[in-house]
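User: Please take a close look at one part of this model and describe how it is put together, strand by strand if that applies. Please then place it alongside other local features of the chain.

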Amino acid sequence: MKLINFPLLVCCFSLFSWALLAQESREIVVDNPDVIVDLRTNKGVAMLKTEWRYSDAKIVDDTFGAPGPSKNDPLYLYPTGKPMPTWNIEPKAGGKDYDDTAWEKLGATTLEERRCPGRLCFNWYRLKITIPNDIDGFDPTGSTVFFEIVIDDYSEIWINGELNKTFGQSGNGIVKGFNARNRVILTDDAKPGETFQLAVFGINGPLADIPDNYIWIRSATVDFHKEYKVNKDWKGLGELVVSQPELADVIDLDEKIEKVAEGFQFTEGPVWHPGGYLLFSDPNANVIYRYSPKTKNVEVYITKSGYTGTDIGKIHQPGSNGLTLDQNGRLFVAQHGNRRIIKHERKGPITVIADNHRGKRLNSPNDLVLKSDGTLYFTDPPYGLEKAYDDPKKETPYQGVYRVKNGKVELLSDKIGGPNGIAFSPDEKYLYVSNWDIRDIMNSKTLYRFPVKADGSLGEIELFYEMDQTNGAEALDGMKIDLKGNIYVSAPGGIWIISPKGKLLGKIIGPERPANLAWGDDGKTLYLAAHSSLYKIRTKIGGKMPGFKN
């Protein structure tokens with residue numbers, strides 16, 4: 001038996017972390033496009049059968065309501081209060097069917113001419129492009145196509161009447177930065193004859209230091225990638241270890257892992273968002289990231305995701321850990337440093353879901369799952385506290401499995417030394433909880449199961465699967481379950497796939513051991529949050545995705 005010293009474990013993690021730099025955002029450029037069409041040339045606009053249309057935009061008087069409640073929400077977040085004067089922008093020309101036929105036509109070679117009245121001013125450029133059959137011998141069919149523009153000074157890009165926007169976004173349609181390129185993906189499967197209506201809103205800036213200048217276009221291109229390349233060293237990674245032939249029913253035995261992003265301190269708690277991207281935590285860096293499989297880019301989605309206390313420098317993992325979504329798209333976050341679970345409302349404010357049990361503060365909620373009736377279940381080990389089990393701020397004598405029902409926090413079990421990952425069987429008759437107890441790792445590599453009673457409370461704890469026979473100081477972390485009840489659990493060496501009858505089917509072994517995982521894309525891709533990198537692997541069955549009507 002080998003006891004693991006927590007400070008030593010923290011030290012090892014810290015040394016590993018210092019070797020890496022947390023990224024704010026990363027726009028990955030792996031290779032050049034196969035073809036570029038320059039929309040500042042007559043040849044370019046002719047190729048895409050388009051023309052530039054132009055209009056100044058102006059500030060106009062408007063009226064808005066002071067913040068007030070809505071019919072269904074008492075919070076003062078809605079313009080239902082006293083009317084008050086404000087301002088607006090005209091025209092609003094982002095719509096797909098906006099009539100710009102009366103606007104000025106611009107020659108493609110005149111885009112560098114200074115436009116708008118200068119100083120505080122705004123304008124619109126519109127154009128409708130058509131994917132051609134041929135571009136100087138290049139067949140664009142099936143290509144990934146980007147529109148890219150650099151406006152002096154800022155731009156926003158609408159595609160077919162839509163302005164893509166979400167938390168933490170920089171570029172991809174929203175303002176990217178001062179004279180920075182703004183790049184949007186039009187399609188990843190181009191079809192000749194397909195059209196895209198583009199509307200670009202130009203802004204003179206900086207707004208707090210209005211320049212003695214005008215708006216103009218530095219560059220405007222459409223880029224075609226026959227194959228949108230990724231780093232070739234990121235493909236074909238890892239191996240599958242077959243323990244039972246039934247593994248072939250779960251995953252293609254020739255399947256390989258693909259790395260999709262890297263450069264993090266410690267990735268955790270992924271969840272796939274209905275908006276088509278993956279959210280995941282870096283509890284060491286205290287942020288939630290967003291990864292877009294379309295653009296291949298990573299951005300900070302929420303900063304200070306788990307803690308803002310002055311003693312943050314003493315805490316190894318102060319940030320957020322587990323994430324999940326409800327049917328209304330609201331994000332639930334397990335916060336280590338703040339020792340609570342919160343919900344991000346769609347209008348912005350947060351609601352504290354759980355921060356204590358019978359007046360005693362939680363340890364540091366780790367992972368969480370929503371039952372189909374909306375009840376939240378979560379685990380609460382002490383790994384977000386400075387001294388973990390020995391921390392003087394620890395208020396509960398146990399590490400609980402809890403639920404929050406009708407606003408009340410209930411302790412469901414205090415039998416597990418280090419409750420960590422948590423997931424329901426597809427029929428919600430069982431709740432699985434993994435164990436990682438750093439006080440006795442070699443004898444706590446255990447996966448537990450609880451029968452779920454009709455009222456949502458739990459029956460007697462069952463030892464579902466034990467891995468104490470493995471060497472090394474790794475126990476069990478996050479998990480997910482597919483639609484047929486197979487459990488994919490982060491365990492010694494990689495992901496162990498265990499049948500609902502408790503038979504080990506096989507393992508997914510990658511370059512780094514995942515801490516947690518999530519179903520994404522169409523539900524059959526398994527994303528792996530693994531220490532410094534994010535990976536994915538294709539499966540055959542797939543699982544339920546939070547926030548979707550599965």
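Analyst: A residue is called exposed when its relative accessible area is over 50% and buried when that value is under 20%; the range in between is partly exposed. The model is predicted. By these limits Trp87 is exposed, because its relative accessible area is 61%. Trp87 belongs to strand S4, which covers residues 83–90. On the surface, Trp87 joins Ile59, Leu120 and Leu207 in a nonpolar patch, and the four residues together have about 450 Å² of accessible area. The same limits are applied to the sheet chosen for the close look.

That part is the open sheet of four strands in the order S17-S18-S19-S20, where the pairing is antiparallel. Strand S17 (320–325) and strand S20 (350–354) stand at the edges with a single partner strand each, so one side of each has no neighbour in the sheet. From one strand to the next, the twist averages 25°.

Strand S19, residues 340–344, is a convenient centre for the description, since four of its five residues are buried and the strand is therefore largely enclosed by the rest of the structure. Towards S18 (residues 331–335), S19 pairs in the antiparallel sense over five bridges. Towards S20, the pairing of S19 is again antiparallel, with four bridges.

Individual residues make the register explicit. Phe332 stands opposite Lys343 of S19. Lys343 in turn stands opposite Thr351 of S20, which places Lys343 between Phe332 and Thr351 in the register of these strands. In the next position of S19, His344 stands opposite Ile350 in S20. As a general point, side chains in a regular strand alternate between the two faces of the sheet.

Both connections of S19 are hairpins. Between S18 and S19 there are four residues, and Arg339 in this hairpin takes a positive phi near 60°. Between S19 and S20 there are five residues, and Gly348 in the turn has a positive phi of about 120°.

Positive phi values also occur elsewhere in the chain, in residues other than glycine. Lys49 has a phi of about 50° and is found in the loop between helix H2 (42–47) and strand S3 (52–65). With a relative accessible area of 63%, Lys49 is exposed. Asn286, with phi near 65°, is found in the loop between strand S14 (277–282) and strand S15 (287–291). Asn286 counts as buried at 5% relative accessibility, whereas Lys49 is exposed.

Two loops contain cis peptide bonds. The bond from Glu90 to Pro91 is cis, with omega near -5°, and Pro91 is found in the loop between S4 and strand S5 (104–106). Strand S4 is also the strand that holds Trp87. A cis peptide bond likewise joins Gly205 and Pro206, with omega about 5°. Pro206 lies in the loop between strand S10 (195–203) and strand S11 (216–225).

Strand S11 takes part in another open sheet of four strands, with the order S2-S11-S7-S9 and antiparallel pairing. Its edge strands are S2 (35–38) and S9 (182–187), each of which pairs on one side only. The twist in this sheet averages 20° from one strand to the next. Strand S7 (residues 144–152) and S9 pair in the antiparallel sense over five bridges, and the bridge partner of Val145 in S9 is Thr187.

Aromatic contacts complete the picture. The structure holds 20 aromatic pairs. One of them joins Tyr488 and Trp519 in an edge-to-face arrangement, 5.2 Å centre to centre with 85° between the planes. Tyr488 lies in strand S32 (residues 487–491) and Trp519 in strand S35 (residues 516–520), so this pair ties together parts that are 31 residues apart in sequence. Tyr488 is buried, at a relative accessible area of 0%, and Trp519 also counts as buried, at 3%. In addition, Trp52, Tyr54 and Tyr125 form one aromatic cluster.

Notes. Residues are numbered from 1 along each chain as its sequence is written. This is a predicted model: local features need pLDDT of at least 70, side-chain atom pairs count only at pLDDT 80 or more; totals for chains, interfaces and linings use all residues. Side-chain values use heavy atoms; hydrogens and water are left out. Two strands pair if DSSP finds at least two bridges between them. Helices (H or I, at least four residues) and strands (E, at least two) are DSSP runs, numbered from the N terminus. Axes are lines fitted to C-alpha atoms, for helices over the stretch in contact, and angles run from 0 to 180 degrees between N-to-C directions. Buried means under 20% relative accessible area, exposed over 50%, partly exposed in between (1.4 Å probe, protein chains only). Patches are made of residues with over 30% relative accessible area and no salt bridge: like charges are joined within 9 Å, nonpolar side chains (Val, Leu, Ile, Met, Phe, Trp, Tyr) within 5 Å. Accessible areas come from the Shrake-Rupley method with a 1.4 Å probe; for residues, only the protein chains shown count as cover. A salt bridge is a side-chain nitrogen of Lys or Arg within 4 Å of a carboxyl oxygen of Asp or Glu. Rings of Phe, Tyr and Trp (its six-membered ring) pair if their centres lie within 6.5 Å; planes under 30 degrees apart count as stacked, over 60 as edge-to-face and the rest as tilted.
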